[in-house]
Amino acid sequence: MILIFGGNGQLGQELARAGAVRGLALVALGRAEADIADAGAVDRAFATHQPKLIVNAAAYTKVDLAETEVEAARRSNETGPKLLAQACAEARLPLIHISTDYVFDGTKPGAYLESDPVAPTGSYGRSKAAGEAAVRAANPRHLIIRTAWVYGEFGHNFLKTMLRLAATRDELRVVADQRGCPTSTADLADAILSIAPRLIAGAQVWGTYHFAGTGVTTWHGFASRIVAAQAPLTGRSPRVTPITTAEYPTAARRPANSALDCEKFARAFGIRARAWEAETDRITRALVAAQGEKAAHVA
Ligand SMILES: NC(=O)c1ccc[n+]([C@@H]2O[C@H](COP(=O)([O-])OP(=O)(O)OC[C@H]3O[C@@H](n4cnc5c(N)ncnc54)[C@H](OP(=O)(O)O)[C@@H]3O)[C@@H](O)[C@H]2O)c1
């Protein structure tokens with residue numbers, strides 16, 4: 001049985017859906033059922049479900065708010081992963097822990113390798129880097145998967161924000177000097193559930209990996225693709241204007257380049273994410289269709 005923590009997030013819900021499609025024995029617990037920073041709750045979840053593998057999809061992900069809610073970010077992104085990893089070590093269980101491209105400072109010209117030094121620029125990235133370190137220290141049977149720019153049908157994400165804005169505005173002004181790899185939760189969940197049986201069977205593949213959508217773009221490029229994909233379905237074609245990071249000040253400083261090199265994951269497991277453009281088109285169409293269905297039910 002695979003036990004997921006953070007079951008109500010973007011990735012957690014996608015894992016639950018993908019697990020059901022695959023007919024896997026999988027339980028996804030939300031924060032109300034199991035707070036990963038509560039050792040008693042973690043122990044009870046292990047005792048109740050007797051898992052063979054743990055996936056930690058729980059995290060504090062509000063990048064800007066983390067600058068002020070430092071303790072909340074630390075609790076979910078460092079203390080929680082540490083407790084989970086300790087519980088896994090005691091039970092001799094493998095742990096898949098999800099981390100982020102924001103552990104890097106973005107000064108590298110090319111795509112980041114797993115071996116590149118971490119140097120987070122903000123509180124969120126620092127808490128995630130500390131969580132990685134805690135997992136490595138507590139349980140050697142871990143896979144840390146760094147991903148990036150996550151979007152999908154569930155939860156909150158950039159793609160949904162762009163769809164909402166495209167419905168009402170004639171111009172979207174979007175940052176064009178930050179580069180990264182948009183990653184669909186569907187690709188990430190598929191990858192996790194494909195490798196899960198191998199980890200349960202005892203494959204010796206422990207360590208840190210990058211897994212993100214194939215290809216690199218900017219937030220402006222991502223937004224332009226979303227707007228183009230929804231236009232034929234909604235009739236809305238707002239202008240997407242490139243702006244600089246300086247023109248869109250945020251509480252947290254983000255890396256200018258957080259592209260991830262995912263070759264290590266591909267070599268180890270034979271799995272690559274789909275091209276970000278194709279996934280963006282697919283999810284955009286699915287979300288617009290779902291909105292249409294909802295509207296039809298209300299009308
Ligand atoms: N979103 C991105 O763009 C992005 C980019 C790179 C990496 N990642 C990583 O990918 C993973 C999945 O992210 P996501 O986008 O699915 O995040 P998400 O949608 O924000 O979901 C995270 C979930 O974790 C829950 N959670 C927070 N603290 C918890 C705790 N102490 N115990 C139990 N549950 C807790 C949250 O519940 P509440 O809502 O109640 O707090 C939420 O349901 C995370 O590790 C994240 O750091 C995300």
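Colleague: Where does Trp149 lie?
Modeller: This is a predicted model. The chain leaves strand β5 (142–147) and enters strand β6 (150–151) through a loop. Trp149 lies in that loop, between β5 and β6.

Colleague: Is Trp149 buried or exposed?
Modeller: The relative accessibility of Trp149 is 8%. Buried means under 20%, so Trp149 counts as buried.

Colleague: What is the phi of Trp149?
Modeller: Trp149 is not a glycine, and yet its phi is positive. The value is about 40 degrees.

Colleague: Arg92 also has a positive phi. Is Arg92 buried or exposed?
Modeller: Arg92, with phi near 55 degrees, is placed in the loop between α3 (70–91) and β4 (95–100). Its relative accessible area is 61%. Exposed means over 50%, so Arg92 is exposed.

Colleague: Which residues form one aromatic cluster with Trp149?
Modeller: The structure holds 13 aromatic pairs. Trp149 belongs to one aromatic cluster, and its partners there are Tyr151, Phe158, Trp219, Phe222 and Trp276.

Colleague: Which residues touch the most other members of the largest nonpolar core?
Modeller: This core has 36 residues. Helices α4 (123–138), α5 (158–168), α7 (219–234) and α9 (276–298) each supply at least two of them, as does strand β7 (171–175). Val174 has contacts that include Phe158, Met162, Trp219 and Val240. The residues that touch the most other members are Phe158, Val174 and Phe222.

Colleague: How many residues are in the second, separate core?
Modeller: Among the members of this second core are Ala57, Ile195, Val205 and Phe265. The core has 29 residues.

Colleague: What kind of aromatic pair do Phe265 and Phe269 form?
Modeller: Both residues are buried. They are four residues apart in helix α8 (residues 263–269), and therefore separated by about one helical turn. Their ring centres are 4.8 Å apart, with 50 degrees between the planes. Planes under 30 degrees apart count as stacked and over 60 as edge-to-face, so the rest are tilted; the pair of Phe265 and Phe269 is tilted.

Colleague: Which ring does the charged end of Lys264 sit over?
Modeller: Lys62 lies over the face of Tyr60, at 4.9 Å from the ring centre. For Lys264 the distance to the ring centre is 4.6 Å, and the ring is that of Tyr209.

Colleague: How many disulfides are there?
Modeller: Cys181 is buried at 2% relative accessibility, and Cys262 is buried at 16%. The closest cysteine sulfur to that of Cys181 is in Cys262, 6.1 Å away, which is too far for a bond. A disulfide needs sulfur atoms within 2.5 Å. The count of disulfides is zero.

Methods: Residues are numbered from 1 along each chain as its sequence is written. This is a predicted model: local features need pLDDT of at least 70, side-chain atom pairs count only at pLDDT 80 or more; totals for chains, interfaces and linings use all residues. Side-chain values use heavy atoms; hydrogens and water are left out. A nonpolar core is a set of buried Ala, Val, Leu, Ile, Met, Phe, Trp, Tyr and Cys residues joined through side-chain atoms within 4.5 Å. Buried means under 20% relative accessible area, exposed over 50%, partly exposed in between (1.4 Å probe, protein chains only). Helices (H or I, at least four residues) and strands (E, at least two) are DSSP runs, numbered from the N terminus. Contact means heavy atoms within 4.5 Å. Rings of Phe, Tyr and Trp (its six-membered ring) pair if their centres lie within 6.5 Å; planes under 30 degrees apart count as stacked, over 60 as edge-to-face and the rest as tilted. A charge sits over a ring if NZ of Lys or CZ of Arg is within 6 Å of the ring centre and within 35 degrees of the ring normal. Lists of a residue's contacts leave out its neighbours within four places in sequence.
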